[in-house]
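I opened the notebook to record what I looked up in this structure. The entries follow the order of my checks.

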Amino acid sequence: MAYLSLSQVPEELSSGAHLNKGNIYVGKTTPPAVVRLFRKKFREDLSLFLALRAQELVSGGRMVLTFLGRKSAEMLSHGDVGSMWELLAQALAILVQKGRVKGRDLTAFNLPFYAPSVEEVTELVEESGLFDVDHTGVFESTWDPHDDSAAGDDDEVADCARSAENVAYCSIRAVVEPLIAGHFGEGIVDELFEVYGTVVAEHLSKGRAMYPVIDVSLKLKGRLSSRIQHSDSRTVSTIPFLLLKKL
């Protein structure tokens with residue numbers, strides 16, 4: 001089961017109470033308060049997700065979760081997961097410079113996404129008291145869904161333009177287009193991903209881009225019906241953020 005997004009952007013960001021200027025996710029210039037908002041929302045969503053899934057599993061039932069994550073506990077050390085979104089923010093900034101997008105609209109746009117560390121996930125699982133952690137693992141996958149290279153293979157990308165096109169259209173556009181169109185309007189979508197492809201190609205010219213994928217195997221603890229609040233009817237909507245070809 002892929003758990004790859006937040007149910008929504010943290011309310012304090014969507015309301016404008018906090019700003020993440022120049023970023024659409026957690027970037028190098030993201031204020032610490034905004035980082036905490038993303039982390040808090042992830043904790044809330046995953047805690048609820050675990051409680052709801054615990055209601056559906058039989059005693060001793062198992063579940064495997066996968067996340068686009070990060071190797072380090074340090075929030076800004078999320079490597080190429082963060083770079084994907086930084087490059088999309090750059091492409092949007094280029095459209096601002098061209099007058100195609102309003103600067104205030106870019107400032108108000110954030111992605112409902114969070115890349116956790118293994119430690120964050122296991123800590124939340126343990127806090128829930130609902131599951132035992134059987135196994136955790138981390139592997140790396142390439143940005144390009146048509147590139148079957150593994151970590152440790154030759155870092156050079158043979159055709160940066162073609163690979164960037166795969167990233168822009170087969171991975172990122174397929175997932176975030178509704179968010180982009182809903183916020184900025186459909187009129188900029190084609191141009192945005194054309195620019196994004198160019199920006200990604202330049203990034204890939206420096207070497208193959210990989211992102212960490214975390215997998216966590218869980219086992220439900222005994223019979224927990226008396227400990228689970230069935231009255232909580234909230235739901236967590238998860239966007240299938242990327243097609244992880246190696247899962």
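How many helices and strands does the protein chain have? I counted 7 helices and 3 strands. I kept in mind throughout that this is a predicted model.

**Layout.** I read the elements along the sequence next. The order is α-α-β-α-α-α-β-α-α-β. I then looked at contacts between residues at least 6 apart in sequence. Of these, 85% join residues at least 24 apart.

**Confidence.** I checked pLDDT before going further. The protein chain has a mean of 85, and 83% of its residues reach 70 or more. I noted residues 225-247, where pLDDT stays under 50. For that stretch the model still has 62 contacts beyond four places in sequence. I treat those contacts with the pLDDT value beside them.

**Burial and surface.** I looked up how much of the protein chain is buried. The figure is 50% of 247 residues. The exposed area is about 11,900 Å². Carbon and sulfur atoms supply 48% of that area.

**Core.** Which residues have the most contacts inside the largest nonpolar core? They are Trp-85 and Tyr-196, in a core of 70 residues. I then asked which elements give two or more residues to this core. They are helices H2 (32-56), H3, H5 (118-128), H6 (160-184) and H7, with strands E1 (62-68) and E3 (210-220). H6 gives the largest share, 10 residues. I set one general point beside this: in soluble globular proteins, nonpolar side chains tend to be buried together.

**Helix H7.** I took H7 as the next stop. It has 16 residues. Its first and last C-alpha atoms are 22 Å apart, close to the 22 Å expected at 1.5 Å a residue. I listed its buried residues: Val-189, Leu-192, Phe-193, Val-195, Tyr-196, Gly-197, Val-199, Val-200, Ala-201 and Leu-204. Tyr-196 is thus on this list, and I had already met Tyr-196 among the residues with the most contacts in the core.

**Ala-33.** I finished with one residue of helix H2, Ala-33. Why does Ala-33 count as partly exposed? Its relative accessible area is 25%, and partly exposed covers values between the 20% limit for buried and the 50% limit for exposed. I also looked up its separation from Asn-20, which lies 13 residues away along the chain. The C-alpha atoms of Ala-33 and Asn-20 are separated by 9.6 Å.

Methods: Residues numbered from 1 in each chain as written. Predicted model: local features only at pLDDT ≥ 70, side-chain atom pairs only at ≥ 80, totals over all residues. Heavy atoms only, no water. Helix = DSSP H or I, 4+ residues; strand = E, 2+ residues; numbered from the N terminus. Buried < 20%, exposed > 50% of the residue type's maximum accessible area, 1.4 Å probe, protein only. Contact = heavy atoms within 4.5 Å. Areas by Shrake-Rupley, 256 points an atom, 1.4 Å probe, with all protein chains shown as cover. pLDDT = per-residue confidence, 0-100. Core = buried A, V, L, I, M, F, W, Y, C linked by side-chain atoms within 4.5 Å. Expected span 1.5 Å × (residues − 1).
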